[in-house]
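User: Hi! Could you walk me through this protein?
Analyst: Happy to, here it is.
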Amino acid sequence: MKRRQKKKKPEENPEDVKLFNQLCQEVAAFGIETRVEKGNFYGGICVMEDESQVLFVNRKHTLDRRIALVYKELAYLKEKAGEGPVSPLETPTSEHSAQD
């Protein structure tokens, strides 16, 4: 009897990993810890018993899906704080003024 071979995980693009880490740092600026865990869940912000908030991200999901989740939750946090829309592709304002 043949055993099924495990599917190989696709290579993660270093730029995508960097983007994921940047988004997680922005979430941390709101005082929310980001945890990457295995399990049968989609992910999102969870309020713990001690009233702290944690963003759970599923390790089994692709990196693109993890980025989309963190981006969605960050957009929600920024909207709630009144900071307006969020874009990971925005360049710092200092670069804008240097080009003008």
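Analyst: What follows covers the overall build and then two of the helices.

Analyst: A quick note before we start: this is a predicted model, where local features need pLDDT of at least 70, side-chain atom pairs count only at pLDDT 80 or more, and totals for chains, interfaces and linings use all residues. Residues are numbered from 1 along each chain as its sequence is written, and side-chain values use heavy atoms, with hydrogens and water left out.

User: Thanks! How many helices and strands does the protein have?
Analyst: There are three helices and three strands, in the order α-β-β-β-α-α from the N terminus. Helices are DSSP runs of H or I with at least four residues, strands are runs of E with at least two, and both are numbered from the N terminus.

User: And what share of the residues is buried?
Analyst: Of the 100 residues, 23% are buried. Buried means under 20% relative accessible area, exposed means over 50%, and partly exposed is in between (1.4 Å probe, protein chains only).

User: On to helix 1. Which of its residues are buried?
Analyst: Leu19, Phe20, Leu23, Cys24 and Val27. They fall within an arc of 135° seen down the axis, so they line one face of helix 1. That arc is taken from the directions from the helix axis to the C-beta atoms.

User: Why would residues spaced like that point the same way?
Analyst: An α-helix has 3.6 residues a turn, so residues three or four places apart point the same way.

User: What's on the other side of helix 1?
Analyst: Pro14, Glu15, Lys18 and Gln25 are exposed there.

User: And what covers the buried residues of helix 1?
Analyst: The cover includes strand 1 (33–37), strand 3 (53–58) and helix 2 (63–81). Contact here means heavy atoms within 4.5 Å.

User: Which residue caps the N-terminal end of helix 1?
Analyst: That's Asn13, with a side-chain oxygen 3.1 Å from the backbone nitrogen of Glu15.

User: Switching to helix 2: which residues are buried there?
Analyst: Among them are Leu63, Ile67, Val70, Leu74 and Leu77, and also the charged-name entries Arg66, Glu73 and Lys78. The buried residues cover an arc of only 165° around the axis, which puts them on the same side of helix 2.

User: What covers them, and which residues are exposed on the face turned away?
Analyst: Helix 1, strand 2 (43–47) and strand 3 are included in the cover. The face turned away carries the exposed residues Asp64, Glu79 and Lys80.

User: What follows helix 2?
Analyst: Gly82, whose phi is positive, near 80°.

Terms used: Polar contact = N/O pair within 3.5 Å; in protein donor to acceptor, adjacent residues only side chain to side chain.
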